[in-house]
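Trainee: I would like to learn how to read side-chain contacts, backbone geometry and enclosed space in a model of this kind. Could we take the features one at a time, with the general idea first and the case at hand second?

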Amino acid sequence: MFKKWTFTSLLILLLIVLLIVFRVFIVDNYSYRDAKYSEIEQHSIDYVGDQSCKKCHATEFNDWKHSDHYMSMLPPNDSTVKGDFNNVTFTGDGVTSRFFKKGSKFYINTEGYDGKNHDFEVKYIFGYKPLQQYLVQFPGGRLQVPRLSWDINKKKWFNQYPGQKIPSHDWLHWTGNAQNWNTMCATCHSTNLRKNYDIKTDRYKTSYSIINVSCESCHGAGKLHVDYMNSGDYKTGNKVVGSYLKLSKHTGQTELINSCAPCHARISEINGSHIESKEIMDNYIPQIPDSEFFHEDGQVKDEDYIYTSFLQSKMYSKGVSCINCHNPHSTKLKLAGNLTCTQCHLTNKYDVSSHTFHPKGTPAAQCVNCHMPGKVFMGNDLRHDHGFRVPRPDLSVKYGTPNACSNCHKDKSEKVLASAIIKWYGPKRKYHFAEDLIPGSRLDANSEMHLQKLIDNKFVPKIIKATATFYLGSIQTQTSLNTLLARLPSKEAQIRYRTLKSLASFPAENWINPVGPLLSDKVRAVRIAAADLYITIPKEQIPAQYAKPFFTSQMELEKSLKYQTDFSTGNVMLADYYLKLKDYANAEKFYLRGLKKDSNMNYALLNLSATYNAQGKNTKALKVLDLAIKNDPNNERIYYNKALLYNEINNLKEAEKSFTKAVELKSMNPKVYYNYGLLLNKINKHKEAETVLLKGININTSDPELYYALAYVYLRMNITSKALEVAIKLKQMDPDNPNYQQLFQSLGILK
């Protein structure tokens, strides 16, 4: 019995050793099929791994193996780690970090959440060229990304954001929400990743099918394909189009681009449960080129990636896709330098000094430097704007937007550069949508006309039309409303979606019936946006024929919002949803959750204050606004909100102080001047009211409410002639508004 037990034990021990050896062999040879660390785990349903692809697609596999994508996320070992962990130190922005090894494990000693240095074990390497990052595991299934990265080319450590001294408790600190892998990075660096965030416990159980970006990231799960290729059906000639894989040789432009977009766009994921669809907005909402993230003319400003820029380009309009220029497996350019461009553009016309006005063979004569200006992100990662636009120094002179010429000719003014273009090409420029997009984005008295031109021009890219539609939401006129309503049947999901978002600025009676059919739209993002509008309508006012579609789309909306709650702003979005529903308990709960992840979110503080105010908890509401002022003492919106709150509780003295501060901070909000003017009028400071309202009109010449308030101030001052003059202007601006009819009648202004 004793001998039998010893033999069994030895056999078990041998098997364990073999498994360990097998595991090490697999990891060291880049198979990456077995990686499980704490709550970050692998699942592999229907996924077969790159080694299965290699058997039949050796060339493509070899290209892929040497791509940056292939090295996107791996377990750390002497082969995968490129950084120097030989007990070296790096000091940046007041923090000294040390990189070292203990046995086979890699460690970073750096500042933690508590402001003190600790040893953090590297659990994964992250990325390859031009920089490599390292992931550290935290409780709750979190992986965090230190801002210290390894420069592959210069072979040195560097801080991605030099000059930024970030407090250890800040949202932007590497231990905070902004640098969380599960939320910010994961889906683009592993195959078939599932975030698996539990909203109740605030924990992740993130999983993937293959640890890195693999063949199946783009082509889909391969099990059916492998089974089919080994089956009798294939061998006997019973062919299946695509052989159960996505992206075959004959895939069209839209499907190709939409396959790259989720990771090469500034984009938000709607839900962890994806719909099988060729429409990107069934699963994602790509960013439009608005002035928050892009320059006013649509050029890249923030870390905006490629997709949104490319959709603006003439290349896209002509049917070009990513793989016309890039090898889809290595991701490198198919041809070097200008040869990529001269695949389509005549060499003897464009790759000559008579076109570039720079010596051939120099960097200045490279197409990319003039038509795809680059910006450096993450410290050393140069990325090119894929808008492929012609440099326009003349627009820089007029509007202050960037142009490619200035990137090299920093010693010359924009006027000098614009003059050079005139000298070479004459005084006239071909129309570019930026000529209307820039003034349209400024949301002043002239913007509506420019935005209308963009929408009506059939040659303007659809992504720009969507942006113009978005801007119209901030211009609350009857013309804008009519234009938006006319966009609801658009064939473009992005335009329908942005139309719905813009209609939120208008009273429900204007859109309740036209929006109803979009609750059953074929695209998920559009249905969700329609539901987001409908939740603002009292239940008894919802048309009967839309009650059921609204219920279904509202469930999609709520599920999508809850999916985002691992991120600080996601909690605020869900809180906003509950606030619209007047579910104040849940609104408060999720505003506070969001603020716990990022205490500097003043938008959340403003809305939390509104939540308390709606419940009559005005003492709490004021305290929250005081916290917001501590975050940003120069934010005029906070003082405006305080003024409204003080006015509501009849503390007119404090209300006047807060209004005064908002005006001193040069508020551009017409409501500030309107409400301040009414308050001054109420406390018999008529002359001061006149001054404030005239100042508001000077800033917002097309706002009818300001004229309405000013007319009443003049009536209170017994200056009927001025009241009549202002009322006539108001009549011209907004003749049919029922709120103004009594004023018109009292002054004898007839139809």
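Trainee: Why are E558 and K562 separated by about one helical turn?

Mentor: Please keep in mind throughout that this is a predicted model. E558 and K562 are four residues apart in helix α25 (residues 547–563), and therefore about one helical turn lies between them. Their side chains form a salt bridge, in which the closest N and O atoms are 3.2 Å apart. E558 counts as buried because its relative accessible area is 18%, under the 20% cut-off, whereas K562, with 32%, is partly exposed.

Trainee: Which other salt bridge has its partners four residues apart in a helix, K223 and D227 being the residues to look at?

Mentor: K223 and D227 belong to helix α6 (residues 223–229), where they too are separated by about one helical turn because they are four residues apart. Their side chains meet in a salt bridge of 2.9 Å, taken from N to O. K223 is partly exposed at 39% relative accessibility, and D227 is partly exposed with a relative accessible area of 39%.

Trainee: Is D351 buried or exposed, and what does K360 form with D351?

Mentor: D351 counts as buried, at 15% relative accessibility, while K360 is exposed, with a relative accessible area of 55%. The two residues form a salt bridge whose closest N and O atoms are 3.2 Å apart. A search of the whole structure finds 29 salt bridges, and one network of them links R142, D202 and K597.

Trainee: Where do R142, D202 and K597 lie with respect to the second largest pocket?

Mentor: A pocket is an open set of grid points, whereas a cavity is one from which the probe cannot get out. The second largest pocket holds about 610 Å³ of space. Its lining has 21 residues, and those closest to the centre are Y113, R142, D202, K596 and K597, so the three residues of the salt-bridge network are among these closest ones. Helix α27 (584–597) and strand β8 (142–144) each supply at least two lining residues, with α27 giving the most, namely four. By class, the lining is made up of six nonpolar, eight polar and seven charged residues.

Trainee: How many cavities of 30 Å³ or more does the structure hold?

Mentor: There are two of them. The largest cavity has a volume of about 110 Å³, and its lining of 15 residues includes Q299, R389, V390, P391 and R392 nearest the centre. The second largest cavity has about 50 Å³ of space, and its lining divides into four nonpolar, one polar and four charged residues.

Trainee: What should I look for in the backbone?

Mentor: Most residues other than glycine have a negative phi, and most peptide bonds are trans. Here the peptide bond from K129 to P130 is cis, with omega near -5°, and P130 sits in the loop between β6 (117–126) and β7 (131–138). K666 has a positive phi, near 60°, in the loop between α31 (652–664) and α32 (670–682), and counts as exposed at 67% relative accessibility. N718 likewise has a positive phi of about 60°; its place is in the loop between α34 (704–716) and α35 (720–733), and with a relative accessible area of 66% it is exposed.

Terms used. Residues are numbered from 1 along each chain as its sequence is written. This is a predicted model: local features need pLDDT of at least 70, side-chain atom pairs count only at pLDDT 80 or more; totals for chains, interfaces and linings use all residues. Side-chain values use heavy atoms; hydrogens and water are left out. On a 1 Å grid over the protein atoms alone, a cavity is a set of points where a 1.4 Å probe fits but cannot get out, and a pocket is an open set with protein on both sides within 12 Å along at least five of seven lines; lining residues have an atom within 4 Å of a point. Grid points are joined across faces, edges and corners, and a volume is the space filled by probe spheres set on the points. Ala, Val, Leu, Ile, Met, Phe, Trp, Tyr, Cys and Pro count as nonpolar, Asp, Glu, Lys and Arg as charged, and the others, Gly among them, as polar. Buried means under 20% relative accessible area, exposed over 50%, partly exposed in between (1.4 Å probe, protein chains only). A salt bridge is a side-chain nitrogen of Lys or Arg within 4 Å of a carboxyl oxygen of Asp or Glu.
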